[in-house]
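Please take a moment with the sequence and the 3D view before reading on. The report is meant to be read slowly, with each residue located in the view as its name comes up.

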Amino acid sequence: MSKKLSPKMRKWLKCYLNDTNKDTFGNATASARAAGYKCKSPECFENIGGQNYRKLLPQIEEWIDKNALSNAKLKNLLVEGLQALETKFFAHQGTVVTEKEVIPWEIRRKYLEMALKVKGLFAPEKHQITGDDGGPIDLTVIVNRVTKKNDTGS
């Protein structure tokens with residue numbers, strides 16, 4: 001850690017990166033509480049947690065790289081998934097008669113999709129919202145419904 005940290009920031013970072021504590025791990029707000037910051041409102045803890053997160057992001061990223069989530073490790077996991085195999089067992093009258101290693105195409109497809117998303121090569125999903133019968137949304141109908149409800153007091 002290149003920056004000189006205050007004792008509370010150091011404690012916040014320790015809480016935030018403590019993967020054995022499900023309450024504070026990766027939770028900036030809970031880490032601010034656990035680090036002993038004095039606040040009178042939940043928003044204050046959120047603000048301190050957010051500020052600490054932004055200030056300590058290089059240290060957080062360094063920890064992530066060292067602890068199983070580095071780009072190299074993610075790449076290796078993706079490669080393993082893209083090469084996945086599964087064993088199918090064939091039975092007759094309750095007894096396994098043969099087994100065969102096969103390619104689980106659906107699993108490999110999901111890994112390929114994830115790899116393409118990570119590389120930014122996967123087109124983002126587009127959602128089109130339409131009105132009745134697939135046509136455009138008629139906003140005047142919605143506005144009329146809302147104003148009639150408000151006029152009647154319901």
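What follows is a short account of a nonpolar core, some aromatic rings, a disulfide and a loop residue.

The model shown here is a predicted one, and every value quoted below was computed from it.

**The nonpolar core**

The largest nonpolar core holds 16 residues, and among these W12, L13 and Y37 touch the most other members. Helix 1, helix 2, helix 3 (42-55) and helix 4 (57-66) each contribute at least two residues to this core, while the largest share, 4 residues, comes from helix 1. As general background, nonpolar side chains in soluble globular proteins tend to be buried together.

L13 belongs to helix 1, and L13 counts as buried because its relative accessible area is 2%, which is under 20%. Although L13 and I60 are 47 residues apart in sequence, their C-alpha atoms are 7.9 Å apart in space. Y37, for its part, touches K8, M9, W12, A32, F45, I48 and N52 when residues up to four places away in sequence are not counted.

**Aromatic rings and charges**

How many aromatic pairs does a search of the whole structure find? The search finds 3 of them, and one is the pair of W12 and Y16, which is stacked, with 4.8 Å from centre to centre and 15° between the planes. Both residues lie in helix 1, 4 residues apart, which is about one turn of the helix. W12 is buried, with a relative accessible area of 0%, and Y16 is buried as well, with a value of 11%. Together with Y53, W12 and Y16 form one aromatic cluster.

Two charged residues lie over the faces of aromatic rings, and the table lists each with its ring and its distance from the ring centre.

| Charged residue | Ring | Distance from the ring centre |
|---|---|---|
| K8 | Y37 | 5.6 Å |
| R108 | W105 | 5.9 Å |

The ring in the row for K8 belongs to Y37, a residue already met as one of the core members that touch the most others.

**The disulfide**

A disulfide is a covalent bond between the sulfur atoms of two cysteines. In this model the count comes to 1 disulfide, formed by C39 and C44, whose sulfur atoms are 2.5 Å apart. Is this disulfide left-handed or right-handed? The torsion about the S-S bond of C39 and C44 is about -55°, and therefore the disulfide is left-handed. C44 is partly exposed, with a relative accessible area of 23%.

**A loop residue beside helix 1**

Where is T24 found? T24 sits in the loop between helix 1 (7-16) and helix 2 (28-34). Is T24 buried or exposed? T24 is buried, because its relative accessible area of 5% falls under the 20% limit.

A polar atom of the T24 side chain lies 2.9 Å from the backbone oxygen of C15, and C15 is itself buried, with a relative accessibility of 13%. Leaving aside its neighbours within four places in sequence, T24 is in contact with C15, Y16, A30, S31 and A34. One of these contacts, Y16, is also the stacking partner of W12, so a reader who starts from the loop at T24 can go on to Y16 and then to the aromatic cluster that Y16 forms with W12 and Y53.

Notes
Residues are numbered from 1 along each chain as its sequence is written. This is a predicted model: local features need pLDDT of at least 70, side-chain atom pairs count only at pLDDT 80 or more; totals for chains, interfaces and linings use all residues. Side-chain values use heavy atoms; hydrogens and water are left out. Buried means under 20% relative accessible area, exposed over 50%, partly exposed in between (1.4 Å probe, protein chains only). A polar contact is a pair of N or O atoms within 3.5 Å; within protein, one must be able to donate a hydrogen and the other to accept it, and residues adjacent in sequence count only if both atoms are side-chain atoms. Contact means heavy atoms within 4.5 Å. Rings of Phe, Tyr and Trp (its six-membered ring) pair if their centres lie within 6.5 Å; planes under 30 degrees apart count as stacked, over 60 as edge-to-face and the rest as tilted. A charge sits over a ring if NZ of Lys or CZ of Arg is within 6 Å of the ring centre and within 35 degrees of the ring normal. A disulfide is a pair of cysteine sulfur atoms within 2.5 Å. A nonpolar core is a set of buried Ala, Val, Leu, Ile, Met, Phe, Trp, Tyr and Cys residues joined through side-chain atoms within 4.5 Å.
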